[in-house]
Amino acid sequence: MAKTRSMIDNGKLDRVVADARRAAERRELDYRERALKMYPWVCGRCAREFTRANLSELTVHHRNHDHDFNPPDGSNWELLCVYCHDNEHSRYIDNISTDPARAEDARATATTNPFADLKALLKARSGG
Ligand SMILES: [Zn+2]
Ligand SMILES: [Zn+2]
């Protein structure tokens, strides 16, 4: 009995997961179709033009990188070719991962060194 019930529950879980996946796929198709209707089939970065023949290489980019944010006016969408889309995302990741460190480095060199020099200089003068 217990075995049968757990099998039924697993089936239910599978269905729920499958439903969620289908819903996500539908949503993706939906915003892609809407974006393609709304905007000319041109890459927003390299201005490459697309036709039905190569339309699969034209992708919908989310400006704020949130795929669940799909306002009906299309303001979060940008049509990009697959290459520019890749670039856009790697740049976004680059910015997140390296910029704070770089900024910190820049601050460290900009502030500590001159002040250290100045301190040493003042010390040398007053002491001497
Ligand atoms: Zn492009
Ligand atoms: Zn994107």
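Strands β1 and β2 (residues 77-81) run antiparallel to each other and pair over five bridges; strands (E, at least two residues) and helices (H or I, at least four) are DSSP runs numbered from the N terminus, and pairing requires at least two DSSP bridges. The model is predicted, so local features need pLDDT of at least 70 and side-chain atom pairs pLDDT 80 or more, while totals for chains, interfaces and linings use all residues. Residues are numbered from 1 along each chain as its sequence is written, chains are lettered from A and ligands numbered from 1 in the order written, and side-chain values use heavy atoms, without hydrogens and water.

**Exercise 1. The strand β1**

Work out whether the residues of strand β1 are buried or exposed, and on which faces.

Solution. Begin with the cut-offs: buried is under 20% relative accessible area, exposed is over 50%, and partly exposed lies in between (1.4 Å probe, protein chains only). Next, recall that side chains in a regular strand alternate between the two faces of the sheet. In β1, L58, V60 and H62 lie on one side and T59 and H61 on the other, and all of them are buried. Five of the five residues of β1 (residues 58-62) are thus buried, so the strand is largely enclosed by the rest of the structure. To finish, look across to β2, where W77 stands opposite H62.

**Exercise 2. The surroundings of V60**

Find which residues V60 is in contact with, beyond its neighbours within four places in sequence.

Solution. Start by placing V60 in strand β1, where its 7% relative accessibility makes it buried. Then list its contacts (heavy atoms within 4.5 Å): Y31, R32, A35, W77, E78, L79 and H85. As a last check, take E33, which is 27 residues from V60 in sequence and 9.4 Å away in space, C-alpha to C-alpha.

**Exercise 3. The first zinc ion**

Identify which residues coordinate the zinc ion (ligand 1), then describe the arrangement of its donors.

Solution. Donors are N, O and S atoms within 2.8 Å of the metal (3.2 Å for Na, K and Ca); water is not among the atoms, so sites may look incomplete. Here the SG atoms of C43, C46, C81 and C84 coordinate the ion at 2.3 Å. Along the chain, these donors follow the spacing C-x2-C-x34-C-x2-C. The site links distant parts of the chain: C43 sits in the loop between α1 and β1 and C81 in strand β2, 38 residues apart. Both of these cysteines are buried, C43 at 3% relative accessibility and C81 at 2%. Now turn to the angles: four donors count as tetrahedral if all angles lie between 85 and 135 degrees. The angles around ligand 1 are 102 to 117°, which makes the arrangement tetrahedral. For reference, the ideal angle for four tetrahedral donors is 109.5 degrees.

**Exercise 4. The second zinc ion**

Determine which atoms coordinate the zinc ion (ligand 2) and how the donor residues are spaced in sequence.

Solution. Coordination comes from H61 (ND1), H85 (NE2) and H89 (NE2), at 2.0 to 2.1 Å. Their spacing in sequence reads H-x23-H-x3-H. H85 and H89 are four residues apart in helix α2, so about one helical turn separates them. H85 is buried at 13%, whereas H89 is partly exposed at 26% relative accessibility.

**Exercise 5. Salt bridges around R45**

Trace which salt bridges R45 makes and which parts of the chain they connect.

Solution. A salt bridge needs a side-chain nitrogen of Lys or Arg within 4 Å of a carboxyl oxygen of Asp or Glu; by this rule there are seven. R45 meets E78 at 2.8 Å, N to O. This pair links distant parts of the chain, with E78 in strand β2 and R45 in the loop between α1 (2-38) and β1, 33 residues apart. R45 also bridges to E88, again with an N to O distance of 2.8 Å. E88 belongs to helix α2 (residues 82-127) and R45 to the loop between α1 and β1, so this bridge ties together parts 43 residues apart in sequence. Compare the accessibilities: R45 is partly exposed at 38%, while E78 is buried at 12%, as is E88 at 12%.

For a further bridge, take R48 and E57, whose closest N and O atoms are 2.8 Å apart. Returning to R45, shared partners join R45, R63, E78, E88 and R91 into one network of salt bridges.

Definitions and conventions
Tetrahedral: all angles 85-135°; square planar, octahedral: opposite > 155°, others 65-115°.
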